[in-house]
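Subject: Structure handover

Hello,

Here is the structure you will be working with. Please open it first, then read on for what was found.

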Amino acid sequence: MPGLIGYVIWVLGALLEVTVVVCALKRHAFRRYLCLNLYMLFSFVVSVVRYQVLSQCGLRSSEYLYCYYYSDAILTIFLYFALITLYLHVFDEMRVEKYVRLAAILLLAGTALFSYLVVQQSSQRMATSFVIELSQNLYFVGLVLTYVLWGVVLKLR
């Protein structure tokens with residue numbers, strides 16, 4: 001079980017996620033940044049579910065392991081779409097939304113295929129291995145896309 005500091009960080013993170021959604025609702029910007037707000041909302045729900053599973057089953061249980069990795073994969077996909085939404089906002093002036101969406105879908109499909117092929121070649125061909133591999137690869141792709149977006153924003157503005 002996590003210690004006091006771990007629980008405090010967990011609760012503060014969940015409160016900050018809810019705060020982002022509430023601020024977006026107050027400023028009537030929920031729909032403008034829909035994917036980002038859905039990510040924050042879903043992240044809060046996942047935090048609550050993870051806490052429930054942790055308190056009922058324990059940290060070393062297979063239930064918590066599955067809950068953690070599968071929810072992490074779903075959150076990573078939501079985060080990927082939130083990042084693509086930010087790309088759409090940046091490239092809105094150039095009228096290239098169709099190309100950004102196509103590239104995003106192809107990149108997501110390519111990352112999923114790459115993850116599948118990596119797991120297919122390993123000795124452990126379990127769905128959980130694929131989920132873990134997909135999460136790791138999408139985190140990496142998201143990191144690269146974040147730096148590219150940062151560079152584009154600096155260049156355009």
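Does Ala 104 count as buried or exposed? Ala 104 counts as buried, because its relative accessibility is 7%. Buried means under 20% relative accessible area, exposed means over 50%, and partly exposed lies in between (1.4 Å probe, protein chains only).

Some ground rules come next. This is a predicted model, so local features need pLDDT of at least 70 and side-chain atom pairs count only at pLDDT 80 or more, while totals for chains, interfaces and linings use all residues. Residues are numbered from 1 along each chain as its sequence is written, and side-chain values use heavy atoms, with hydrogens and water left out.

**Overall build**

The protein has five helices and zero strands. From the N terminus, the order of elements is α-α-α-α-α. Helices (H or I, at least four residues) and strands (E, at least two) are DSSP runs, numbered from the N terminus. Along the principal axes, the C-alpha atoms fill a box of roughly 50 × 45 × 20 Å.

There are 157 residues, and 34% of them are buried. Now look at contacts, meaning heavy atoms within 4.5 Å. Take those with a separation of 6 or more: 64% of them join residues 24 or more positions apart.

**Surface and charge**

The exposed area of the protein is about 10600 Å², and carbon and sulfur atoms supply 69% of it. Accessible areas come from the Shrake-Rupley method with a 1.4 Å probe; for residues, only the protein chains shown count as cover.

Side chains carry 12 positive and 7 negative charges, and the centres of the two sets lie 6 Å apart. Lys and Arg count as positive, Asp and Glu as negative; His and the chain ends are not counted. Each charge is placed at NZ of Lys, CZ of Arg, CG of Asp or CD of Glu.

There is also a nonpolar surface patch of about 750 Å². Its members are Phe 140, Leu 143, Val 144, Tyr 147, Val 148, Trp 150 and Leu 154. Patches use residues with over 30% relative accessible area and no salt bridge; like charges are joined within 9 Å, and nonpolar side chains (Val, Leu, Ile, Met, Phe, Trp, Tyr) within 5 Å. A salt bridge is a side-chain nitrogen of Lys or Arg within 4 Å of a carboxyl oxygen of Asp or Glu. Leu 154 sits in helix H5 (residues 127-156). Leu 154 counts as exposed, because its relative accessibility is 53%.

**Two loop residues**

Find His 28 in the loop between helix H1 (4-26) and helix H2 (34-57). Its phi is near 55°, a positive value in a residue other than glycine. His 28 counts as exposed, at 74% relative accessibility.

Next, go to Arg 95, in the loop between helix H3 (62-90) and helix H4 (97-121). Arg 95 is not a glycine, yet its phi is positive, about 60°. Arg 95 counts as exposed, at 65% relative accessibility.

**Two buried residues**

Back to Ala 104, which lies in helix H4. Leaving aside neighbours within four places in sequence, Ala 104 is in contact with Tyr 80 and Ile 84.

Where is Phe 91 found? Phe 91 is in the loop between H3 and H4. Phe 91 counts as buried, because its relative accessibility is 16%. Not counting residues up to four places away in sequence, Phe 91 touches Val 96, Val 100 and Val 152. From Phe 91 to Leu 156 is 65 residues in sequence and 9.5 Å in space, C-alpha to C-alpha.

Best wishes
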